[in-house]
Amino acid sequence: MYNIFGDFMFARINSEGLYGINSFDVTVEADISSGLPRFDVVGLPDASVKESRERVRASMKNSGYTFPVSRITVNIAPADVKKEGSFYDLPILVSILKASSQITGSTDDFSFIGELSLNGEIRSVNGVLPMVLQAKENGAGAVFVPYDNADEGSVVSGIDVLPAKNIGEVIAHINGERLIEPAFRALDEQSVIGETLDFCDVKGQSKVKRALEIAAAGGHNCIMVGTPGTGKSMMAKRLGSIMPEMTFDEQIETTKIYSVAGELPSGARLIAKRPFRSPHHTTSAQGLTGGGSSPKPGEISLAHNGVLFMDEFPEFDRRAKESLRQPLEDGVVTITRASGTITYPSDIMLVAAMNPCPCGYAGHPTIDCTCTEAARKRYNDKLSGPILDRIDIHIEVGAVDYSMLRGDRKEETSAEIRERVNRAREIQNKRFRGSSVKCNAKMTPAMTRKFCILTPDADELLSASYDSMGMSPRAHDKILRISRTIADLDGSDKIELEHIAEAIQYRSLDRKYRL
């Protein structure tokens with residue numbers, strides 16, 4: 001127990017910190033020495049870490065342990081990195097109990113994560129998955145986590161994840177009095193985001209479905225332009241049902257983002273289905289990219305390895321639309337604040353939808369457009385050329401005939417489309433093995449030259465189209481990558497004339513809505 005005469009006592013405890021979606025090793029040191037009673041926390045703590053003093057003091061007393069009436073100094077190292085978050089509560093408390101000899105067992109092999117309530121219960125925190133991964137990397141044999149975070153932490157193999165409801169359970173385990181059973185790693189119970197929708201519900205629109213199939217097969221960004229009620233949103237929401245399955249590494253990376261953002265569904269172990277994010281058109285640029293004094297992931301990063309659907313695309317604030325440039329080009333979002341720079345992954349597939357004009361009925365076969373030429377121009381001016389250039393596939397969505405809507409024709413299911421998409425992705429996986437590129441849309445210029453081999457007829461058609469359509473070099477490369485995906489769906493090594501011809505059709509806005 002604590003020595004009331006104030007002899008020098010010291011303890012060192014392992015924990016983890018968070019910076020963005022990455023974790024780093026933290027050492028919590030407690031020193032108890034003689035002097036006037038005082039409790040200091042040093043090591044560049046923020047307000048939430050400083051407040052841990054009161055939570056630790058109350059939870060220790062209310063759980064039946066003695067709070068040392070002496071000079072207590074807690075150092076959270078490394079001291080040159082700002083510490084944020086309430087998950088330092090548990091390691092601070094354990095370090096004080098260890099220094100005051102109220103814990104007799106060894107703590108060297110453990111790492112500690114958790115927020116404390118005033119009665120000693122351990123509350124859930126955000127970011128447990130990256131912290132458990134870092135604890136494993138640091139060589140810890142076991143890590144204590146809040147009971148409610150057990151499922152999330154259990155996906156990490158090679159380390160025991162010990163879920164605790166209160167500090168009494170933690171101390172009993174360390175002292176060998178009552179052991180906590182490690183969380184069970186059951187990957188067959190993975191969580192998914194949202195329900196599964198099927199393309200067989202969509203009547204007609206075979207050309208649009210074909211374009212979305214190509215987009216899913218090659219990871220291409222796309223924009224749909226059509227009058228209201230033609231099924232743009234309906235088809236976009238079903239895009240996830242034909243996307244290729246996520247690899248385990250993609251699941252881990254996506255789950256880390258949701259864990260840090262506090263968006264992981266309750267009881268979820270992994271995000272096993274590609275995310276589908278659909279922010280409202282009033283969302284700000286910061287809402288898309290992320291930010292705040294302690295930057296958190298935005299909608300773009302939450303759509304990592306999945307789909308970001310932006311309905312009513314022109315109605316988004318210009319700054320919000322332009323904030324897509326870096327993520328679409330580089331696959332990351334970089335946020336700079338006074339405290340430092342954080343980079344979040346954002347390997348997304350952008351799907352945008354818009355009307356052809358403000359009233360929505362320009363080009364409709366039966367309803368007249370009521371917009372003036374000036375109104376149409378103002379509407380189109382909301383979409384900049386650089387953003388349009390970064391969108392691979394342009395799809396014009398027409399109205400559905402009544403006969404098609406009421407007919408008995410059986411539509412293709414998502415499972416049938418997905419089978420073709422998976423075959424095309426397998427070809428791409430072999431093609432890009434050993435590189436960081438995952439799909440055709442992400443090919444570098446050098447890869448585009450190497451893998452997009454055209455037949456003479458295809459090359460001639462592309463050359464003629466380049467001049468007549470006034471393509472930019474970026475649009476030229478995108479056509480090559482789209483045609484490469486079409487060829488993969490056909491199982492063709494070379495890009496044939498019909499592949500280029502179809503790909504060129506998907507750049508309609510280059511000539512019709514060039515802004």
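Is Gln-205 buried or exposed? In this predicted model, Gln-205 is buried, since its relative accessible area of 13% falls below the 20% limit that defines a buried residue. The backbone of Gln-205 also deserves attention, for this residue has a positive phi of about 55 degrees although it is not a glycine. Most residues other than glycine have a negative phi. Along the chain, Gln-205 belongs to the loop that runs between α6 (167-174) and α7 (206-218).

A second residue invites the same kind of reading. Asn-305, again a residue other than glycine, has a positive phi near 65 degrees. The place of Asn-305 is in the loop between α11 (299-302) and β14 (307-310). Asn-305 is buried, with a relative accessible area of 4%.

The backbone holds a further feature at Pro-78. The peptide bond that joins Ala-77 and Pro-78 is cis, with an omega of about 5 degrees. Most peptide bonds, in contrast, are trans. Pro-78 is located in the loop between β4 (71-77) and α3 (89-99).

From the backbone the reader may turn to the interior. In soluble globular proteins, nonpolar side chains tend to be buried together. Here the largest nonpolar core comprises 91 residues, and Val-74, Ile-96 and Phe-313 are those with the most contacts inside it. The helix α3 gives this core its largest share, which amounts to seven residues. Apart from this core lies another, of 49 residues, which includes Val-208, Val-421, Phe-432 and Met-443.

The surroundings of Val-74 can be followed residue by residue. When residues up to four places away in sequence are not counted, Val-74 touches Val-28, Glu-29 and Ala-30, and also Phe-39, Asp-40, Val-41 and Val-42. Val-74 is in contact with Ile-92 and Ile-96 as well; Ile-96 is itself among the residues with the most contacts inside the largest core.

The final stop is the largest pocket. About 530 Å³ of space lies within this pocket. Its lining is made up of 26 residues, and those nearest the centre are Leu-328, Glu-329, Asp-330, Ala-441 and Lys-442. Two helices, α13 (325-330) and α20 (473-490), each supply at least two residues of this lining. Sorted by class, the lining contains twelve charged, eight nonpolar and six polar residues.

Key:
Residues are numbered from 1 along each chain as its sequence is written. This is a predicted model: local features need pLDDT of at least 70, side-chain atom pairs count only at pLDDT 80 or more; totals for chains, interfaces and linings use all residues. Side-chain values use heavy atoms; hydrogens and water are left out. On a 1 Å grid over the protein atoms alone, a cavity is a set of points where a 1.4 Å probe fits but cannot get out, and a pocket is an open set with protein on both sides within 12 Å along at least five of seven lines; lining residues have an atom within 4 Å of a point. Grid points are joined across faces, edges and corners, and a volume is the space filled by probe spheres set on the points. Helices (H or I, at least four residues) and strands (E, at least two) are DSSP runs, numbered from the N terminus. Ala, Val, Leu, Ile, Met, Phe, Trp, Tyr, Cys and Pro count as nonpolar, Asp, Glu, Lys and Arg as charged, and the others, Gly among them, as polar. Buried means under 20% relative accessible area, exposed over 50%, partly exposed in between (1.4 Å probe, protein chains only). A nonpolar core is a set of buried Ala, Val, Leu, Ile, Met, Phe, Trp, Tyr and Cys residues joined through side-chain atoms within 4.5 Å. Contact means heavy atoms within 4.5 Å.
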